[in-house]
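This report covers an internal cavity, the aromatic pairs and one helix. The sequence and the structure are shown first.

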Amino acid sequence: MLTQTSHNTVLSIHGPVISSSDLGAHLSLFEAFGLREVGRIRRSEQETGTIWQTTGQSSEEITLETPGTAFGLRLVRFSPGTDVQIRQPSRGSDSEALKVIDFYTPDLDAARASIEAAGFRFKDEVAEYETPEGRFREAHLWGPDGVVCALLGGDPDYFSNFATVTDRLVSEPQSISGPVQDPTAVLLFLEDVLGLEVIHRYGLDDQSFDALVGSDTSMKLRAWNVGLTTKEPYFGIINYGLPEGSQTSVFDIARPPSRGLLGATLIVDDAARIAIKAGVTAASITVPGMGDCLSATFQGPNGAWFQALQPTPAK
């Protein structure tokens with residue numbers, strides 16, 4: 001693991017947070033990816049508003065984890081719900097919101113067949129591209145509420161440095177990624193507020209990936225992975241290299257209770273300090289599967305909602 005800088009209070013990145021209109025559908029989807037429920041809770045309108053800056057919505061929350069790891073994802077269903085969905089399959093290049101949860105698989109075809117047998121269908125297009133690190137294959141599934149799940153296959157030796165679980169059909173959630181138009185501003189925010197730094201960077205220029213994303217314009221993708229270590233979940237900050245004015249920012253709708261890939265959970269040792277830097281107020285909450293925590297929740301310039309949780313020591 002990389003050495004944390006002195007201003008870094010993030011201990012780990014648990015994984016994505018999804019605003020779900022149908023908890024049952026998302027549970028079925030992520031169980032097909034190997035995750036299991038570890039707890040759930042209901043929140044009042046007041047508590048939901050304190051956490052997510054909503055008005056008039058209560059919520060139900062479920063935590064899932066990949067067995068044997070401390071990584072997973074959280075589902076939040078706001079009530080009453082909304083018809084607003086952050087992402088649409090017809091606009092794959094929309095920016096300033098999270099888009100994709102990446103999972104590694106040692107056998108993409110077998111993993112795809114297993115997940116499709118559970119009732120979910122991947123896009124027909126499968127990207128195959130060469131990078132300096134080797135040849136990769138990538139398949140995308142647009143799940144409920146426009147949540148995109150990607151299966152990544154490639155050299156197992158390479159992925160031993162990019163996932164914790166490498167000996168199952170599907171790994172833990174590996175990366176939480178989204179396109180942005182100003183990567184510099186996002187990278188500065190992640191370093192200043194959360195102390196997270198670039199742990200890997202790469203580029204991609206391949207027509208098969210253009211088709212997978214759904215772009216009619218040739219992309220020159222550049223990406224920065226930001227986190228603590230490549231072996232645990234991290235954030236993918238992606239710039240598609242598209243002409244200025246050709247992308248639509250969905251920042252303004254990428255907020256609760258809008259449906260879709262909303263944000264991510266971080267485990268920290270000083271939520272109050274992060275709250276001050278982010279300009280929000282910390283709150284004491286109970287998180288299913290994690291217990292009592294001090295929480296700071298805020299939106300970053302990439303559209304993602306970060307929830308920094310500081311576990312409260314048991315008395």
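## Second largest cavity

The second largest cavity is lined by A97, L98, G178, P179, V180, G236, I237 and N302. The coordinates come from a predicted model. Sorted by class, five of the lining residues are nonpolar and three are polar, while charged residues are absent. Two strands, β9 (175-179) and β12 (234-239), each contribute at least two residues to this lining.

The volume of the second largest cavity is about 30 Å³. A search of the whole structure, with 30 Å³ or more as the requirement, finds two cavities.

## Aromatic pairs

A pair of aromatic rings is described by the distance of the centres and the angle of the planes. In this model, 13 aromatic pairs are present. One of them joins F30 and F33, with 6.4 Å from centre to centre and 50° between the planes. The F30–F33 pair counts as tilted, because its angle is neither under 30 degrees, as stacking requires, nor over 60, as edge-to-face requires. F30 and F33 are both buried.

Another pair is made by F136 and F159, whose ring centres lie 5.7 Å apart and whose planes meet at 85°, an edge-to-face arrangement. F136 belongs to strand β7 (residues 134-142) and F159 to helix α4 (residues 156-159), so this pair ties together parts 23 residues apart in sequence. Both F136 and F159 are buried.

F136 and F159 are also members of one aromatic cluster. The cluster is formed by these two residues together with Y104, Y129, Y158 and F162.

## Helix α7

Helix α7 spans residues 271-278, and A271, I274 and A275 are buried in it. Viewed down the axis of α7, the buried residues fall within an arc of 105°, so they line one face of the helix.

What do the buried residues of α7 pack against? Their partners are helix α5 (183-194) and three strands: β13 (260-268), β15 (291-299) and β16 (305-311). After α7 comes G279, which has a positive phi, near 75°.

## Summary

The second largest cavity has a lining without charged residues, to which β9 and β12 each supply at least two residues. The edge-to-face pair of F136 and F159 links strand β7 with helix α4, and both of its residues are part of the six-residue cluster that includes Y104 and Y129. In α7, the buried residues A271, I274 and A275 line one face of the helix.

Notes. Residues are numbered from 1 along each chain as its sequence is written. This is a predicted model: local features need pLDDT of at least 70, side-chain atom pairs count only at pLDDT 80 or more; totals for chains, interfaces and linings use all residues. Side-chain values use heavy atoms; hydrogens and water are left out. Rings of Phe, Tyr and Trp (its six-membered ring) pair if their centres lie within 6.5 Å; planes under 30 degrees apart count as stacked, over 60 as edge-to-face and the rest as tilted. Buried means under 20% relative accessible area, exposed over 50%, partly exposed in between (1.4 Å probe, protein chains only). Helices (H or I, at least four residues) and strands (E, at least two) are DSSP runs, numbered from the N terminus. On a 1 Å grid over the protein atoms alone, a cavity is a set of points where a 1.4 Å probe fits but cannot get out, and a pocket is an open set with protein on both sides within 12 Å along at least five of seven lines; lining residues have an atom within 4 Å of a point. Grid points are joined across faces, edges and corners, and a volume is the space filled by probe spheres set on the points. Ala, Val, Leu, Ile, Met, Phe, Trp, Tyr, Cys and Pro count as nonpolar, Asp, Glu, Lys and Arg as charged, and the others, Gly among them, as polar. The arc is that of the directions from the helix axis to the C-beta atoms. Contact means heavy atoms within 4.5 Å.
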